[in-house]
Amino acid sequence: MFGYDLQNTRYNPNEKIINVSNIFQLELAWKVETPGTINNLSSPIVANGIVYIGDNTNTIYAYDALTNKFLWNYSLEPDGFSPSVIVLNNIAYVVDHSKHLVALNAKTGVPVWTKTVPYSTNSSPTVVNNIIYIGGGNVISAYDATSGETRWSNQNISGIVSGSPAIVN
C-alpha cells in the first residue's frame, strides 16, 4: 500500500532503519532498464514478491523482486500516468491521465476491468475493504474493487485534491 498504511504514515516498524552509520553497508541487488525514463512521480511498489514500476512511455512493468526476472508489462493510454500502482488481492490498480481506473491481474498483467472516471489525477488510489478511493480536481470517488462499479462520488469538495486519500476505519 502506498504510504505503508491506511493513514499514509509512511512508517514501517518492521523495516531496518537506514541511517548514517549503516548506509555504506547497502549493496546493489539488481537493476533494470526500461525503454523510457522511470516515472519520477510514482514510487516503485513491492507486493507479494513482485516489483511494479512505471516509466514515461506510459508503461507499467512487473519484475520478480528476488531475481529481477521480467514478468509482464502493460501500456496505458497515451496521456500517461503518474500515480503509483496499488496491489490488493492479486489485483494491481492504477489511474491514468486519460481518466481510466485500470485493474490488472497482478501476476500476469492481463486487464480485469477498466472504468472511466470523471477526472484525471496525480494521486494513487487507496483500497480499503474492497473499495477503491481516488481523488482529483475537486472530486473524491469510491469504486468497487471487484467490479469497478461506482459506489459514490462527491464533487462538492472545495479546493483541489492532489494526494492519495487517507482512510480511517
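How many bridges pair strand β6 with strand β7, and in which sense? Let's start there. This is a predicted model, by the way. Strand β6, residues 91-96, and strand β7, residues 100-105, pair over 6 bridges, and the sense is antiparallel. If you want a spot to click on, take Asp 96, which stands opposite His 100 in β7.

Now zoom out a little. β6 and β7 belong to an open sheet of 4 strands, and the order reads β5-β6-β7-β8, with antiparallel pairing. At the edges you've got β5, residues 86-88, and β8, residues 111-116; each has a single partner strand, so one side of each has no neighbour in the sheet. As for the twist, neighbouring strands here are turned by 20° against each other on average, ignoring direction.

Okay, moving along the chain to β11 and β12. β11 covers residues 139-144 and pairs with β12 in the antiparallel sense, over 4 bridges. Together β11 and β12 make a hairpin, with 5 residues between them. Have a look at Gly 148 in that turn: its phi is positive, about 85°. Further along the pairing, Ser 141 stands opposite Ser 153 in β12.

So which residue does Arg 151 form a salt bridge with? That's Asp 144, and the closest N and O atoms are 2.9 Å apart. Searching the whole structure turns up 1 salt bridge, so I'd say it's worth a click. What about burial for the two partners? Asp 144 has a relative accessibility of 13%, so it counts as buried. Arg 151 comes in at 45%, so that one counts as partly exposed.

Last stop is Trp 152, which sits in strand β12, residues 150-154. Is Trp 152 buried, exposed or partly exposed? Its relative accessible area is 40%, so partly exposed is the call. Who does Trp 152 touch, once you leave aside its neighbours within four places in sequence? Tyr 133, Ile 140, Ser 141 and Ala 142 are the contacts. Take Ser 141 from that list: it is 11 residues away from Trp 152 in sequence, yet the C-alpha to C-alpha separation is 5.7 Å. And Ser 141 is the residue we just met opposite Ser 153.

That's my tour; over to you.

Notes
Residues numbered from 1 in each chain as written. Predicted model: local features only at pLDDT ≥ 70, side-chain atom pairs only at ≥ 80, totals over all residues. Heavy atoms only, no water. Helix = DSSP H or I, 4+ residues; strand = E, 2+ residues; numbered from the N terminus. Buried < 20%, exposed > 50% of the residue type's maximum accessible area, 1.4 Å probe, protein only. Contact = heavy atoms within 4.5 Å. Salt bridge = Lys/Arg side-chain N within 4 Å of Asp/Glu carboxyl O. Pairing = 2+ DSSP bridges. Axes fitted to C-alpha atoms, helices over the stretch in contact; angles between N-to-C directions.
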